[in-house]
Amino acid sequence: MLVLITYDVNTETESGKRRLRKVAKQCENYGQRVQNSVFECIMDSAKCREVKEILVGLVDLERDSLRFYYLGNKYQSKVEHFGAKQTYSMEDTLII
């Protein structure tokens with residue numbers, strides 16, 4: 001299923017800046033960055049629970065925000081993109 005992960009980490013302190021880097025790095029491990037703090041991730045429900053646990057452990061729930069949007073398996077008809085920063089299909093073969 002496609003899961004959209006978004007976050008807003010308070011970076012007014014050095015610890016906030018560290019949290020932001022850690023959250024972004026973890027999200028990069030599981031999906032494709034489509035905007036600064038927005039990632040599209042293809043994962044099953046078990047992997048999603050694992051990622052959610054990791055990210056919730058990294059953020060400060062009093063200062064930061066973390067959101068998960070579950071778009072399901074038929075997400076292609078639910079996502080429209082206009083403008084710059086073209087993405088790739090995460091389910092196709094990627095040759096580097």
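Q: Which class does Arg33 fall into: buried, partly exposed or exposed?
A: First, some ground rules: this is a predicted model, with residues numbered from 1 along each chain as its sequence is written, and local features need pLDDT of at least 70, side-chain atom pairs count only at pLDDT 80 or more, and totals for chains, interfaces and linings use all residues. Side-chain values use heavy atoms, leaving out hydrogens and water. Buried is under 20% relative accessible area, exposed is over 50%, and partly exposed is in between (1.4 Å probe, protein chains only). Arg33 has a relative accessible area of 28%, so Arg33 is partly exposed.

Q: Which residue does Arg33 meet in a salt bridge?
A: A salt bridge here puts a side-chain nitrogen of Lys or Arg within 4 Å of a carboxyl oxygen of Asp or Glu. For Arg33 the N to O distance is 3.1 Å. The partner is partly exposed, at 41% relative accessibility. It's Glu28.

Q: Which residue is the bridge partner of Arg33 in strand 3?
A: Strands (E, at least two residues) and helices (H or I, at least four) are DSSP runs numbered from the N terminus, and two strands pair if DSSP finds at least two bridges between them. Strand 2 (residues 32-35) and strand 3 run antiparallel, joined by 3 bridges, and they form a hairpin with 2 residues between them. Across from Arg33 sits Phe39.

Q: How many bridges link strand 1 and strand 3?
A: Strand 1 covers residues 2-8, and its pairing with strand 3 is antiparallel. One of the matches puts Thr6 with Val38. The bridge count is 5.

Q: Why is strand 3 described as largely enclosed by the rest of the structure?
A: Strand 3 runs over residues 38-42. The reason lies in its buried residues, which number 4 of the 5.

Q: What pattern does the protein follow along the sequence?
A: You'll find 2 helices and 4 strands in the protein. Read along the sequence, they go β-α-β-β-α-β.

Q: How far apart in sequence are the parts that Asp64 and Arg19 tie together?
A: Asp64 and Arg19 form a salt bridge, with the closest N and O atoms 2.7 Å apart. Asp64 is in the loop between helix 2 (45-58) and strand 4 (65-72), while Arg19 is in helix 1, so the pair ties together separate parts of the sequence. Asp64 is buried at 9% relative accessible area, and Arg19 is buried at 11%. The separation is 45 residues.

Q: Which helix holds both Glu14 and Lys17?
A: These two form a salt bridge, their closest N and O atoms being 3.5 Å apart. Glu14 is partly exposed at 49% relative accessibility, and Lys17 is partly exposed at 35%. They sit 3 residues apart, about one turn, and the element in question (residues 14-30) is helix 1.

Q: How many residues make up the largest nonpolar core?
A: A nonpolar core is a set of buried Ala, Val, Leu, Ile, Met, Phe, Trp, Tyr and Cys residues joined through side-chain atoms within 4.5 Å. Here Ile5, Tyr7, Val23, Cys27, Leu55 and Phe68 touch the most other members. Strand 1, helix 1, strand 3, helix 2 and strand 4 each give two or more residues to this core. Its size is 16.

Q: Which residues does Phe68 touch, leaving aside those up to four places away in sequence?
A: Contact means heavy atoms within 4.5 Å. By that rule, Phe68 touches Val3, Leu4, Ile5, Cys48, Lys52 and Leu55.
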